[in-house]
Amino acid sequence: DLAALWRRARELAASNRAAQMPLDTPEQLAQALAATVPDELVDDAGIARVVLNRPHARNAIDMALARDTLLVARRIADDRRIRAVLITAKGEHFSVGGDISAFLEDGVEVMGDTLRRMVSPYHEAFAILSRIDAPIVTAARGAVAGGGIGFVYASDVSLASDTSRFVTAFADLGVSGDGGWSWHLPRRVGAARAAAITLLNKPVGGAEAEQIGLVSQCVPDAE
């Protein structure tokens with residue numbers, strides 16, 4: 001399943017190979033795919049299982065994970081065997097959003113450029129996933145924050161555990177939102193509630209997330 005894909009991608013990212021690969025031409029994309037994405041993307045039932053695999057960092061999104069997400073989205077879009085996509089994460093937390101330490105790797109002076117290089121492939125991945133024919137199911141537990149909520153927005157059906165806690169986090173950081181926040185959140189929960197959740201940085205638990213329409217269903221964490 002795709003857990004193996006993410007493990008391999010993270011190993012390559014650790015050696016800085018995946019994160020440094022350009023994706024501007026078809027040839028560069030093919031090279032990156034060959035290096036980071038094995039052929040076993042889908043099980044015999046036609047289900048692609050995407051697993052975020054940075055549990056040591058609470059699945060924070062760094063440059064490599066953003067690019068890996070784009071590579072996986074492109075491969076999923078090209079694979080006609082896929083009948084459904086399941087997105088989950090390893091560890092106690094689904095994703096805390098952007099990896100703040102990664103934003104500062106190249107220095108504060110160029111943080112804007114660093115963010116653009118990270119966010120662009122991440123957003124392109126969601127644009128691709130929004131156009132695929134297969135339904136997408138996202139199952140989240142623990143912290144689901146910032147741009148990490150984008151995987152929930154990308155889903156057709158979303159499940160949250162009763163341990164889940166959704167936080168936009170953008171207001172506290174003083175940055176504009178990403179992950180499709182400005183488009184999806186008001187349409188899921190209404191404009192007034194979306195403004196309160198964002199501007200007050202209001203945490204939303206799993207049960208409340210179901211009640212207000214942020215997710216499809218809240219289930220016990222053991223399930």
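Two strands pair if DSSP finds at least two bridges between them. Strands (E, at least two residues) and helices (H or I, at least four) are DSSP runs, numbered from the N terminus. The model is predicted, so local features need pLDDT of at least 70 and side-chain atom pairs count only at pLDDT 80 or more, while totals for chains, interfaces and linings use all residues. Residues are numbered from 1 along each chain as its sequence is written, and side-chain values use heavy atoms, with hydrogens and water left out.

**Exercise 1. Overview**

Task: State how many helices and strands the protein has, and what share of its residues is buried.

Solution:
- Step 1. The protein has eleven helices and eight strands.
- Step 2. Buried means under 20% relative accessible area, exposed over 50%, and partly exposed in between (1.4 Å probe, protein chains only).
- Step 3. Of the 223 residues, 49% are buried.
- Step 4. Contact means heavy atoms within 4.5 Å. Take the contacts with a separation of 6 or more: 72% of them link residues 24 or more positions apart.

**Exercise 2. Strand E3 and its partners**

Task: Find which residues stand opposite Val137 in the strands E2 and E5.

Solution:
- Step 1. Start with E2 (84-89). Three bridges join E2 to E3, and the two run parallel.
- Step 2. In this pair, Leu86 stands opposite Val137.
- Step 3. Go to strand E5 (residues 157-161), which is joined to E3 by four bridges and also runs parallel to it.
- Step 4. Here Val157 is the bridge partner of Val137.
- Step 5. Now split E3 (residues 136-140) by face. Ile136, Thr138 and Ala140 lie on the covered face; Val137 and Ala139 lie on the uncovered one.
- Step 6. The general rule is that side chains in a regular strand alternate between the two faces of the sheet.

Task: Classify Ser158 as buried or exposed, and list what it touches.

Solution:
- Step 1. Ser158 belongs to strand E5.
- Step 2. Ser158 is buried, because its relative accessibility is 1%.
- Step 3. Skip residues up to four places away in sequence. Ser158 then touches Thr138, Val152, Arg188, Leu214, Val215, Ser216 and Gln217.

**Exercise 3. Two aspartates**

Task: Explain why Asp99 and Asp62 count as buried, and trace their contacts.

Solution:
- Step 1. Place Asp99 in the loop between strand E2 and helix H5 (100-103). It counts as buried because its relative accessibility is 12%.
- Step 2. Leave out neighbours within four places in sequence. Asp99 is in contact with Arg54, Ala60, Ile61 and Asp62.
- Step 3. Check a distance. Asp99 and Ile61 are 38 residues apart along the chain, yet their C-alpha atoms are separated by 5.1 Å.
- Step 4. Look for polar contacts. A polar contact is a pair of N or O atoms within 3.5 Å; within protein, one must be able to donate a hydrogen and the other to accept it, and residues adjacent in sequence count only if both atoms are side-chain atoms. The side chains of Asp99 and Arg54 make one at 3.1 Å.
- Step 5. Turn to Asp62, in the loop between strand E1 (47-52) and H4. Asp62 counts as buried because its relative accessibility is 13%.
- Step 6. The Asp62 side chain reaches the backbone nitrogen of Leu65 at 2.9 Å.

**Exercise 4. The core and Phe166**

Task: Identify the residues with the most contacts inside the largest nonpolar core, then follow Phe166 outward.

Solution:
- Step 1. A nonpolar core is a set of buried Ala, Val, Leu, Ile, Met, Phe, Trp, Tyr and Cys residues joined through side-chain atoms within 4.5 Å.
- Step 2. The largest core has 45 residues, and Ile76, Val85, Phe94, Phe166 and Leu214 have the most contacts inside it. Helix H4 (residues 63-78) gives the largest share, seven residues.
- Step 3. Beyond its neighbours within four places in sequence, Phe166 is in contact with ten listed residues, among them Val144, Ile149, Lys202 and Leu214.- Step 4. Strand E6 (residues 165-167) is joined to E4 by three bridges, and the two run parallel. Ala145 stands opposite Val167 in E6.
- Step 5. The open sheet has the order E4-E6-E7, with mixed pairing. Its edge strands are E4 (143-145) and E7 (204-205), each pairing on one side only.
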